[in-house]
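Colleague: I've got the model open and a few labels on it puzzle me. Can you walk me through the reasoning behind them?

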Amino acid sequence: MSEGVSIAVVGSGYVGLVAAACFAEIGHRVVCVDNDEAKVRMLHEGGVPIHEEYLPELLNRHRANRVEFTSDLKAATQGAQAIFIAVGTPQSETGSADLSYVDAVASEIARSIDDYKVIVEKSTVPVYTNEWIRRVLERNGVPQELFDVASNPEFLREGTAVTDFLHPDRIVLGAETERAVTVLRAIYEPLTSGAYYRMHHAVPGARTPDDPPPMLLTTTQAAEIIKHASNAFLATKISFINVVANICEAAGADVQDVARGMGMDSRIGPKFLRAGIGYGGSCFPKDVAAFRHVAEQMNVDFGLLEEVEKINGEQKRRFFQKVRSALWTFRGKKIAALGLAFKGGTDDIRESPALEIVELMLREGALVRAYDPAAAARASEMIPSGPQMQYVDDPYEAAQDADAVVILNDWQEFADLDLERLRAALRYPIVVDGRNLFDPAVMAAQGFTYLSVGRPGANSVAMRARQRVRVLRHTADGCARAKPAKVYLRAAVLDAAFRPRNRGPWHA
Ligand code: UDX
C-alpha cells in the first residue's frame, strides 16, 4: 500500500478512536487529538476506554508507530493533510444536534492552518453543517485556497465498529473540489482497491480483494443527509416491526415468521426486523430527533418520525406491563435482570431501554439483581447498588431464588444460557424475554412460563389464566358467593403458571 496520508482525528470517542485505529491499520499516519489530558495519557499508555472487538489489537499493533495521542490540536493540524472532526454532537433540549463542540474545534483548526488542509466531518451532523464550518474558517481569516471542507459520515455500529469501518457497505464522500476528492480517495484507496483485504493481518469481514467497498462521491449536503436519513430509516424499521409484533401477539402469530417472510422481499431485506423492547443507544434516539428538527427547519413536516419515537417509547412501557402480567405485583419480588447496555456486545448504556425498564421495576418496589457482561460498571454509576439493586457477575447468581428473569438485551451469552441450571436456580420458572432469544416451544418443554415479544405462547399462560378467571367468576356469579376476582385471578395464575419451590428468603 502507498506511503499513507498524514491524518489528524479530533475526538477519541466511539467514532474517533475507531477511525484513528482503522486509518492506521490501512497504512496511514494518524494523530488522535482529545482535550481530555487524562484520556490522552491513558490511551498513550495502552488503555482502551471503549468495548470494541479488534480495537485493542489494532491499537497495540499501531500505537507509537502509526498512531499517536495528543491534546495539542495545533500541532496535529499542522502535521496533517486531512483533519477528521469526530467530536460529539449531543442532542440539545430542542432535539436539534448541539454543534458547539464542532464549532469550537473548527475555530481552533482555523487558527492553526498553515498550508492546504482537507477538513472532514466524521461526526453525525445536520445538513449544511459543512457550510457552517466553512464560514468559521473564513471568519477566522483562512484564505479559501488553504482549505476544503468535506463530509465523510460513518455507519459504525457499536460493538462491531472496527469491522464496520474496514468492511463497509459503502464509503460516502461529500466534497466540492477535485483536490479534496484526491486526498479522500487516497485515504480510502487501500479499501476501495481491495489491497487491504490481501494483508495477512487484515481484520476479517465480508469484503474481499475482489469485492471491495464502493465509494459514493456526492455533494456535502447529500452526504450529511444520507447519514441522518439512514439512521432515521433504520429506527423506523425497528418501530415498524415492533408494532407488527404487537399485532402478532394479539393475533397469535409469530413475529419472527412474519419478519422472515417480509425480509425475503429483496426490497425490504431481512436485517433490522428483530422485534424487542425498542431501540436505544447514542445514535438512533438522537439522530431521529435531529433529523426531525432538520425537517422542521426546512419547513417539511416529518410527523412520521414523531410516530417512530412514540412507538419506541410505548414499546418499553408495553414490555414492563408484560413483566407485571407475569408477576402480578412487583413489591418485594426478586427479579433477575439480564442485560443493561442498550444492546448486546457493547458496554454503552446511553438511552438504554434495559435501564429504563430496570428503573420502572425498582420504582414499583422490586428487588433487582442485575448482570451484564460489560455494562455493569457504567450502569452502577446511573443506578447505584443499594437495598433494592444489586449487581452480580454471573447470570445464574442473578437468577438464584428469583421470582422471574427478565432479558433486556441480546448478548449471545444469554441465548447460550444452560436452561436446566437457570430453572434450578429460580424460585419460579418465569422468563420474560425482551429480545426473543429463545424458542417458546423449547421453553415450554423445559417447564418455563415464557413470555416474549410478538410470539404465541407470549401470553398464552396469562390468557388461559384470564379465561379461567372469567369462567370461575361467571360460575361464582352464578352461585352469588363470588370470591373477589383477585383471589380467583391469583389461584388461576398460580395454578396455570407457577410451581413454587420451597426456597429460603432472597438474602440467605
Ligand atoms: C446505529 C446504526 O446501526 C449505525 O449505522 C450508526 O452509525 C450508529 O447507530 P448502534 O446504535 O451502535 O448503530 O446499534 P444498532 O446495532 O444499530 O442498534 C441500535 C438499537 O436498535 C439497539 O438498541 C438495538 O437493540 C436495536 N435493534 C437493532 C432492534 O431493536 N432491532 C433490530 O432489528 C436491530
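Modeller: Sure, let's go through burial, backbone angles and empty spaces in turn. Keep in mind that this is a predicted model.

Colleague: Start with the whole chain, then. How many helices and strands are there?

Modeller: The chain has 20 helices and 14 strands. Of its 508 residues, 54% count as buried. Among contacts with a separation of 6 or more, 72% join residues 24 or more positions apart.

Colleague: What makes Ser-239 buried or exposed?

Modeller: Buried means under 20% relative accessible area. Ser-239 has a value of 1%, so Ser-239 is buried. It sits in helix α9. Leaving out residues up to four places away in sequence, Ser-239 touches Tyr-279, Val-308, Ile-311 and Asn-312.

Colleague: And Thr-124, why is that one called buried?

Modeller: By the same cut-off of under 20%. The relative accessible area of Thr-124 is 8%, so Thr-124 counts as buried. Thr-124 lies in the loop between β5 (117-121) and α6.

Colleague: Which residues is Thr-124 in contact with, leaving aside its neighbours within four places in sequence?

Modeller: Those are Thr-89, Glu-154, Lys-227, His-228, Lys-286 and Asp-287. There is also a C-alpha distance worth looking up: Thr-124 and Pro-153 are 29 residues apart along the chain, with 6.4 Å between their C-alpha atoms.

Colleague: Next, Tyr-54. What is notable about its phi?

Modeller: Phi of Tyr-54 is positive, about 75 degrees, although the residue is not a glycine. Most residues other than glycine have a negative phi. Tyr-54 is in the loop between α2 (37-44) and α3 (55-62).

Colleague: Why is Tyr-54 called partly exposed?

Modeller: Partly exposed is the range between under 20% for buried and over 50% for exposed. Tyr-54 has a relative accessible area of 22%, so it is partly exposed.

Colleague: Which loop holds Asp-401, and what is its phi?

Modeller: Asp-401 is found in the loop between α15 (395-399) and β12 (404-407). Its phi is near 60 degrees, a positive value in a residue other than glycine. With a relative accessibility of 10%, Asp-401 falls under the 20% cut-off, so it counts as buried.

Colleague: How do you know that the buried residues of α10 line one face of the helix?

Modeller: The residues in question are Val-255, Ala-259, Met-262 and Gly-263, in the helix that runs over residues 255-263. Looking down the axis of α10, these buried residues fall within an arc of 95 degrees, so they line one face. In general, an α-helix has 3.6 residues a turn, so residues three or four places apart point the same way.

Colleague: What do the buried residues of α10 pack against?

Modeller: They pack against α9 (220-251).

Colleague: On to the empty spaces. How many cavities of 30 Å³ or more does a search of the whole structure find?

Modeller: Four. The second largest cavity has a volume of about 50 Å³. Its lining is made of Asn-246, Glu-249, Gly-276, Gln-315, Arg-318, Phe-319, Lys-322 and Val-453. Two elements, α9 and α12 (303-327), give two or more residues to that lining, and α12 gives the most, with four.

Colleague: What makes up that lining by class, and which domains does it draw on?

Modeller: The lining of the second largest cavity divides into two nonpolar, three polar and three charged residues. It takes at least three residues from each of domain 2 (227-311) and domain 3 (315-497).

Colleague: Last one: what is the volume of the second largest pocket, and which residues are closest to its centre?

Modeller: The volume is about 350 Å³. Of the 18 lining residues, Leu-99, Pro-126, Tyr-128, Thr-129 and Trp-132 are the closest to the centre. The elements giving two or more residues to this lining are α5 (100-110), α6 (129-139) and α11 (284-297), and α6 gives the most, with five.

Colleague: How does the pocket lining split by class, and which domains supply it?

Modeller: The lining of the second largest pocket has 12 nonpolar, four polar and two charged residues. Domain 1 (6-218) and domain 2 (227-311) each supply at least three residues.

How values were computed
Residues are numbered from 1 along each chain as its sequence is written. This is a predicted model: local features need pLDDT of at least 70, side-chain atom pairs count only at pLDDT 80 or more; totals for chains, interfaces and linings use all residues. Side-chain values use heavy atoms; hydrogens and water are left out. On a 1 Å grid over the protein atoms alone, a cavity is a set of points where a 1.4 Å probe fits but cannot get out, and a pocket is an open set with protein on both sides within 12 Å along at least five of seven lines; lining residues have an atom within 4 Å of a point. Grid points are joined across faces, edges and corners, and a volume is the space filled by probe spheres set on the points. Ala, Val, Leu, Ile, Met, Phe, Trp, Tyr, Cys and Pro count as nonpolar, Asp, Glu, Lys and Arg as charged, and the others, Gly among them, as polar. Domain bounds come from an automatic or database domain assignment. Buried means under 20% relative accessible area, exposed over 50%, partly exposed in between (1.4 Å probe, protein chains only). The arc is that of the directions from the helix axis to the C-beta atoms. Contact means heavy atoms within 4.5 Å.
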